[in-house]
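Got the viewer open and a selection box ready? Here is a walk through the model, one stop at a time.

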Amino acid sequence: MKTKSSEKRKRWLAILLVTGLLAGVLSACGNGTRAETSSAGGQNGSASEEAQKTEQKSGETGGDEADSGEVKTLSIFIDHTWYPVDSFTGAIPDEITKRTGITLDVTVAVDTNQLGTMISSGELPDLVYTQRLLDTLSNPNICYSYEDLLSEYNVDWEIPAKQLGIARGYSQDGKAYTVLNMFADTSDWENSNSVPMVGSLSYRRDIYEEIGCPPMNSLDDLYAVMGQVKEKHPDMVPLQLLGQNWNTEVFKDLVGVGALRYIEQEDGSYQCYIRDERYKEVLLWLNKCYASGYISPDDQFFSDASQGFNADGYFFSCGCTQNGITGTNAELAAIDPSYVRWEMKPFDTAYYGQSSLGWSGVFISKNCKDPEAAIKFVQKMFTPEMQQLSQMGREGIDFTFDDKGFPVYSDEWMASVKADTNVKDYNTWFYLGGSTIIEADGRVAQMEEDWYKDAYPEIRKRYENLPWIEAARPIGETDEKIAEDKVTELIMPYEQRIIQASSQEEAAALYDELITNAEKSGLADVEAYVTQRVAELMPMYQ
Amino acid sequence: MAVDERKKSVWKRIGKQKQIQTFVWAGLLFLFVFNFVPMFGIIMAFENYSIADGVKGLFTSEWVGLKYFREFVNDYNFFSLIRNTLVLSLSKMVFTLPLPILLALIINEIRSRLVKRIVQTVSYLPYFISWVIVAGFCQLFLKSNGIVNNMLISIGSIEQPIAFMTGKQYFLPIAIFTACWKDMGWWAILFLSAIAGIDPNLYEAAEMDGCSRLKRIWHITLPGIKSTITVVLILSLGNLLGGGLGGSNFDQAWLLGNGGNSEVSEIIQTYVMKIGLSKGRYAYAAAIGLCQSIISVVLVFTSNFFSKKVSGDSLF
């Protein structure tokens with residue numbers, strides 16, 4: 001009897017296990033089917049899915065109660081892996097919710113491949129905030145066009161012509177599926193107190209004074225300064241290559257190449273910056289610095305998983321204007337009040353040419369449960385009032401304007417900057433419709449004038465935005481775009497290999513190899529394409 | 001009549017084995033859904049497929065034949081990708097196949113049950129650690145001011161820290177070492193279970209004939225697990241380009257690779273990820289994946305053929 005009952009138990013256990021396994025298999029299949037259905041345009045969803053969507057609508061976003069003051073939640077995917085916040089919390093998001101009736105359920109990208117996978121599986125959230133795959137997302141099967149939504153829901157928003165033209169340039173059907181934030185013409189900066197986001201080299205002013213303030217007006221000068229720093233402070237890293245975006249760009253700006261992907265030649269054609277002799281000079285100089293022990297192989301430039309250094313562990317640091325110095329100086333002051341970092345005055349040869357069409361855009365996906373609320377929300381985020389709120393805080397509470405129209409922050413705000421709690425307390429990271437001028441003015445108001453007084457006026461003098469070059473770059477799945485992508489993937493590893501080469505000769509040979517392989521990948525065709533497109537597009541932007 | 005009888009007896013046997021059969025069919029269903037059904041997607045390797053078209057695009061995209069295969073073969077770094085993939089795979093294979101066998105033999109010879117269990121558990125636990133964590137350990141131990149460099153400097157072996165993580169000459173040793181450390185214990189379990197199946201009388205008889213321990217291993221244990229070794233070898237050869245017994249090549253190359261060592265760490269799979277998937281070029285990625293699968297199938301058949309010729313053991 002005992003054996004029989006134990007057999008029975010075993011049988012039940014087996015049945016349970018198998019049922020569990022089958023349920024797992026089938027539920028996975030179910031997810032796949034749903035994803036595929038959505039990716040096919042979201043038109044073929046099953047009745048139960050529709051019912052679920054409707055239920056979600058009424059439960060989560062309020063359905064018809066949209067205008068009744070009830071807070072609606074929209075999910076958003078932020079395609080910036082480095083994003084410093086992952087939730088819509090803080091005084092500013094709270095105020096945004098109060099004024100728009102929208103709160104955001106945030107997911108920040110884990111890696112740069114996530115968005116592509118989400119698009120192909122049809123699992124996009126309500127909103128996508130990105131600067132990549134703009135042409136892929138500008139597709140009626142994947143996202144709503146802004147123009148369609150604006151007319152369907154009678155939203156009063158006259159998108160500036162240039163920004164509208166830029167957005168339309170990404171789609172095949174000539175409609176705008178997003179509006180990129182942070183767009184500004186060269187002339188917009190004339191009345192600013194700050195500078196656009198360009199490469200900046202900051203340095204430890206206290207140590208610089210300690211070594212007698214030697215000249216810093218050429219790469220050779222910088223090399224000599226680093227030698228002096230290393231001699232005085234052997235444990236210090238003279239040059240930190242912090243992230244992957246700004247390192248070589250900082251030096252390209254200083255020697256006059258600028259941040260333009262394609263540079264106009266004397267005959268009117270455009271060539272990729274990697275062919276420029278001054279770029280080669282920068283790479284060979286960085287190789288010399290590395291060989292002298294002035295750059296650490298642990299830097300983030302070489303390895304994503306780098307641990308980084310303590311704030312006081314390096315002398316020069318590559319970064320961009322506006323971003324790094326305020327937080328770093330707060331950290332430094334906490335270690336020793338005399339420690340301070342200044343932005344370096346650009347060389348006489350410096351040139352800050354950029355080709356900016358804006359930065360990131362919000363896409364409203366076809367999965368969006370409330371497109372009306374979404375487009376109204378985006379429109380509001382582009383209003384000057386909301387741009388100020390999202391980038392500078394609440395007027396009258398967090399800041400007031402001085403007589404020149406520049407912000408002056410409250411003591412509480414400044415205390416939170418110094419305590420490095422500003423992001424947590426206020427959170428200025430949801431500038432979805434942000435203005436680059438407001439951002440820059442807001443950020444410079446948090447800095448002490450000494451930190452930037454040598455650098456910013458010079459940068460403003462040497463800055464120009466040539467948006468037509470960026471607009472002329474290939475898009476879609478064209479041969480030129482594929483070739484350009486391959487060249488892009490070549491550059492970063494080669495830069496690292498050149499910098500780490502064991503001799504200047506090896507570095508030069510690797511540089512030549514970079515050019516050869518770029519040509520094999522189709523660089524000349526891309527340059528010819530860009531030259532032709534610039535001729536077509538330039539008049540539209542001038 | 002005879003056919004009917006046979007049919008009946010087959011169903012009768014299946015009925016008797018219904019519990020075991022249920023597990024088999026659940027496994028087969030799983031295999032079908034996740035391994036066979038997705039194979040339909042291979043069609044995109046021959047089409048001008050765009051992710052924006054979703055599943056529908058598989059049926060409607062323009063047929064481009066071998067365009068993506070030609071693109072891959074004509075790529076400037078095609079040969080270096082193939083070389084890096086093969087070198088990484090073969091180097092790992094050379095170490096990750098014999099080491100688990102050796103570990104299984106050592107564990108089998110340990111007399112104390114407690115020590116045996118401890119050694120076995122400690123050696124297979126790393127298998128469950130994610131490659132992300134393993135790469136994090138590597139960073140921690142091998143960075144300029146990490147434990148290894150500090151130790152080497154303190155004993156006077158080196159003056160300047162070694163760039164372990166970014167030097168191209170260190171990538172392969174680190175990849176092989178971590179693969180062995182992580183997966184050796186896991187595969188040793190398989191060989192241990194094969195050893196457990198050897199008739200103990202053979203050992204007793206050998207002992208009585210005066211065989212030493214090494215001779216017993218050489219003449220009884222190793223021949224006893226020969227067929228298991230063959231099966232594992234053939235299966236791992238099939239997955240050679242994916243990493244064989246030594247974990248995922250992709251995980252290692254992606255996490256331990258960087259610009260500094262890209263000359264040796266860039267393999268087919270990481271290139272597919274960068275140029276194919278992250279740029280939304282699924283058709284191109286599928287074409288390269290298909291090339292790799294074909295090479296793997298050829299490897300399985302070839303190794304099976306040679307194994308049959310040389311040792312008489314084979315998968316089929």
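In which loop is A:Asn427 found? Select A:Asn427 and its flanks: the residue is in the loop between helix 16 (422-425) and helix 17 (436-444) of chain A. Keep in mind throughout that this is a predicted model. A:Asn427 is not a glycine, yet its phi is positive, at about 70°. Most residues other than glycine have a negative phi. Is A:Asn427 buried or exposed? A:Asn427 has 21 C-beta neighbours inside 10 Å, so it counts as buried.

Now jump to A:Asn154, which sits in the loop between helix 6 (146-152) and helix 7 (161-168) of chain A. Here too phi is positive in a residue other than glycine, near 55°. The surroundings are another matter: A:Asn154 has 7 other C-beta atoms within 10 Å and is therefore exposed.

**Zooming out to chain A**

Show chain A as a cartoon. Its secondary structure comes to 23 helices and 14 strands. Of its 542 residues, 44% count as buried. Take the contacts in chain A between residues at least 6 apart in sequence: 77% of them join residues at least 24 apart.

Next, colour by domain. Domain 1 of chain A covers 63-185 + 358-401, and domain 2 covers 199-355 + 472-541. Their C-alpha centres are 32 Å apart. Where the two domains touch, 4 residues of domain 1 of chain A are in contact with 4 residues of domain 2 of chain A. On the domain 1 side, those residues are 1 nonpolar, 1 polar and 2 charged.

**Helix 9 of chain A**

Select residues 219-232 of chain A. This is helix 9, with 14 residues, and it reaches 20 Å from its first C-alpha to its last, close to the 20 Å expected at 1.5 Å a residue. Which of its residues are buried? Put sticks on A:Leu219, A:Leu222, A:Val225, A:Met226 and A:Val229, which are buried. They cover an arc of only 115° around the axis, so they lie on the same side of helix 9 of chain A. Spin to the face turned away from that buried side and you find the exposed residues A:Asp220 and A:Glu231.

What covers the buried residues of helix 9 of chain A? Bring up helix 8 (205-210), strand 5 (237-240), helix 10 (247-255), helix 11 (277-291) and strand 8 (314-320) of chain A, which are included in that cover.

**Helix 10 of chain A**

Stay with one of those elements and select 247-255 of chain A, which is helix 10. How many of its residues are buried? Helix 10 of chain A is mostly covered, with 8 of its 9 residues buried. The buried ones include polar-looking picks for your sticks, A:Asn247, A:Thr248, A:Lys252 and A:Asp253 among them. A:Val250, A:Phe251, A:Leu254 and A:Val255 are also on the buried list. For the packing partners, show strand 4 (199-204), helix 9, helix 11, strand 8, strand 10 (352-354) and helix 21 of chain A. Step just past the end of helix 10 of chain A and you land on A:Gly256, which takes a positive phi of about 105°.

**A strand stop**

Select A:Glu264, which is placed in strand 6 (residues 262-264) of chain A. A:Glu264 has 15 C-beta neighbours inside 10 Å, so it counts as partly exposed. Draw a C-alpha to C-alpha distance from A:Glu264 to A:Ile375: they are 39 Å apart in space and 111 residues apart in sequence.

**The nonpolar core**

Which residues touch the most other members of the largest nonpolar core? Of its 193 residues, A:Leu127, A:Ala374 and B:Ala283 do. Helix 10 (residues 168-196) of chain B gives the most to this core, with 10 residues. Centre on A:Leu127 next. Leaving aside neighbours within four places in sequence, A:Leu127 is in contact with A:Leu74, A:Ser75, A:Ile76, A:Val362, A:Phe363, A:Ile364 and A:Ala374.

**Across to chain B**

Finally, show both chains. How many residues of chain A are in contact with chain B? There are 42 in chain A, in contact with 38 residues of chain B. On the chain A side, helix 1 (2-39), helix 4 (114-121), helix 21 (479-500) and helix 22 (504-520) each supply at least two residues. That side divides into 15 nonpolar, 17 polar and 10 charged residues.

Colour chain B by domain to finish: the assignment gives domain 1 (1-33) and domain 2 (76-279). The centres of these two domains of chain B, taken over C-alpha atoms, are separated by 39 Å.

Notes:
Residues numbered from 1 in each chain as written. Chains lettered and ligands numbered in written order. Predicted model: local features only at pLDDT ≥ 70, side-chain atom pairs only at ≥ 80, totals over all residues. Helix = DSSP H or I, 4+ residues; strand = E, 2+ residues; numbered from the N terminus. Expected span 1.5 Å × (residues − 1). Buried ≥ 20, exposed ≤ 12 C-beta atoms within 10 Å, placed from the backbone. Arc of directions from axis to C-beta. Contact = placed C-beta atoms within 7 Å. Nonpolar A, V, L, I, M, F, W, Y, C, P; charged D, E, K, R; others polar. Domains from an automatic or database assignment. Core = buried A, V, L, I, M, F, W, Y, C linked by C-beta atoms within 7 Å.
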